[in-house]
Structure formats: C-alpha cells, structure tokens
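I opened the model to see what sits in its core, how its strands pair and what its loops hold. My notes follow in the order I looked things up.

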Amino acid sequence: MPNERTDRARRITVQRQGPLLVEGPVEVELEDGTTVCSDRFRVALCTCRRSRRYPWCDTSHRHKAKDTG
C-alpha cells in the first residue's frame, strides 16, 4: 500500500477531542515497526493512547472527557 497511486486522495477527518477518522482500507505502521491493517470502509485511529485496542479507537477518550468536564 505505501507509495501506491490511487484514483483519489484518502480523506482524514480530524476531531478536536476524538479519533482521526480515515477512509479505509488502511495499513498503519506502529512505532515498533509492526504493521496493522483494516479493510473497513472507515476506521477511527486513537490519538489519546487510552484505547485498549490501540491504534484503533475504542472511545476511551470519552471517559476522560467526562471526568475532567
């Protein structure tokens, strides 16, 4: 998947207090060099690192937002 040309650009939606929503399928390379893949039409990537399913978002950010807000 890296460096492959596609017919159109992938859309990534940024949310202030939430995950990055990425049009799939996606391949994500983690810091340790491992690669995880999803063939879903849209995936939510965790940006807070609280997810038990990291790098996929499991909405753990919502619990922290309730505690502080």
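Entry 1, the core. The model is a predicted one, and I started with its nonpolar residues. I found that the largest nonpolar core consists of six residues: V22, V26, V28, V43, L45 and W56. I then checked which strands contribute, and β3 (26-29) and β5 each supply at least two residues of this core.

Entry 2, W56. I listed what W56 touches, leaving out residues up to four places away in sequence. The list includes the core members V26, V28, V43 and L45. W56 also touches V36, C37, S38, A44, C46 and S51.

Entry 3, the sheet. Which strands form the open sheet, and in what order? I noted three, running β1-β2-β5, with antiparallel pairing. I marked β1 (12-13) and β5 (42-45) as the edge strands; each has a single partner strand, so one side of each is left without a neighbour in the sheet. For my own reference, strands of a sheet pair through backbone hydrogen bonds.

Entry 4, one pairing in detail. I followed β1 against β2 (residues 20-23) and counted two bridges in the antiparallel sense. T13 has L21 of β2 as its bridge partner.

Entry 5, cis peptide bonds. I recorded a cis bond between G24 and P25, with omega about 0°. P25 is in the loop that runs between β2 and β3. I recorded another cis bond between Y54 and P55, where omega is about 15°. P55 belongs to the loop between β5 and α1.

Entry 6, the loop between β5 and α1 (60-68). I stayed in this loop for R52. Is R52 buried or exposed? I wrote it down as exposed, because its relative accessible area is 79%, and the cut-off for exposed is over 50%. Not counting residues up to four places away in sequence, R52 touches D58 and S60.

Entry 7, backbone angles in that loop. I looked up phi for R49, which is found in the loop between β5 and α1. R49 is not a glycine, yet its phi is positive, about 65°. T59 lies in the loop between β5 and α1 too, and its phi is positive at about 70° although T59 is not a glycine either. I also checked the surface of T59: with a relative accessible area of 29%, T59 is partly exposed.

Technical notes: Residues numbered from 1 in each chain as written. Predicted model: local features only at pLDDT ≥ 70, side-chain atom pairs only at ≥ 80, totals over all residues. Heavy atoms only, no water. Pairing = 2+ DSSP bridges. Helix = DSSP H or I, 4+ residues; strand = E, 2+ residues; numbered from the N terminus. Core = buried A, V, L, I, M, F, W, Y, C linked by side-chain atoms within 4.5 Å. Buried < 20%, exposed > 50% of the residue type's maximum accessible area, 1.4 Å probe, protein only. Contact = heavy atoms within 4.5 Å.
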